[in-house]
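This report looks at one helix and the strands around it. Please keep the sequence and the model in view while reading.

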Amino acid sequence: MQKNRKTLLKASCLDILVFLLGGALYSVGVNCFTAGNHILNGGFTGIATLLHYLFRAPIGLTVFAFNLPLFFLSLKKLGKPFLLRTFVATLITSVLVDLGASLPVYSNDLFLASVIGGALTGAGMGIVFLRNATTGGVDIIAKLVRLKKPHVSMGKTILVFDAVVIALGGLVFRNIESMLYAAVVIFVNTEVVDAILYGVNRGTVVLVISEKSREIQTMLTRAYGRGVTRLHAEGGFTDTPRDILLCACLDHQASIFTKKIRELDENAFLIVTKAEDILGNGFPKD
């Protein structure tokens, strides 16, 4: 029992340290690069930035106030452990955003400010997500929507909300450039979050249909040490049974594999697709 308590305490302390780091990065991104230049982030932070511009309302406090009703509404549906970590992460991030309100603003190049602001806020959110928590806001709304309508993806819900925020920003700031810079921030933010969550194990899956499948399988296995799965299939333009080769590889290997396969069989039919997460032998471990 005592050992379990120590483990839980260590995990809680690590959570708080990670939330502090994530909140600090997010605060710098908002205060130094986006809000001070009238560039919006997505989600509640974007709305809070608009309210700050119109009424001088503190951004962090506004975001936290918006999140409070969501915490109560989603308590039963999303579970106490997740919401507790999210509550702590949101509180820490909101406090740090307001404490950093007096930080200097970089305004020499607004495009560069958008990129850096998106990267910093994305990094802050990404490392919080790694601890099975979020910074609240639209992430919780998207989860709740998905519970009601499973066919609606979280990404689409967040995208719609962000689009509304960007449109509101254009109306308030009366500047189309602010809308474009906001789109840059949201795009970079999303890419950085995905890189942190999936980047280590992100890879590519190559599917090959070829009359020389045996030679291709041998080449990929011996030359590159990649496992190749042989799938028996029927259909396509002919009813002749054939083999499909399936090979998972790292991103940088995909173009090499495609070139080498074409050298063995220029008529090979290839499908190359991204894989967000690949776990197992031959790929980085978590």
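The expected span of a helix is taken as 1.5 Å times one less than its number of residues, where helices (H or I, at least four residues) and strands (E, at least two) are DSSP runs numbered from the N terminus. The model is predicted, so that local features need pLDDT of at least 70 and side-chain atom pairs count only at pLDDT 80 or more, while totals for chains, interfaces and linings use all residues. Residues are numbered from 1 along each chain as its sequence is written, and side-chain values use heavy atoms, with hydrogens and water left out.

Helix H10 comprises twelve residues, 213-224, which at 1.5 Å a residue should span 16 Å, and its end C-alpha atoms are indeed 16 Å apart, in agreement. Its buried residues (under 20% relative accessible area with a 1.4 Å probe, protein chains only; exposed is over 50%, partly exposed in between) are Ser213, Ile216, Gln217, Met219 and Leu220. Because they cover an arc of only 160 degrees around the axis, judged by the directions from the helix axis to the C-beta atoms, they lie on the same side of H10. The face turned away from that side carries the exposed residues Arg214, Arg222 and Ala223. After H10 comes Gly225, with a positive phi near 70 degrees.

Among the elements covering the buried residues of H10 (contact means heavy atoms within 4.5 Å) are strands E1, E2 and E3 and helix H11. In E1, five of the seven residues are buried. Its pairings, for which DSSP must find at least two bridges between two strands, are listed below.

| Pair | Bridges | Direction | Partner of Gly203 |
|---|---|---|---|
| E1 and E3 | seven bridges | antiparallel | Leu250 |
| E1 and E4 | seven bridges | antiparallel | Ala275 |
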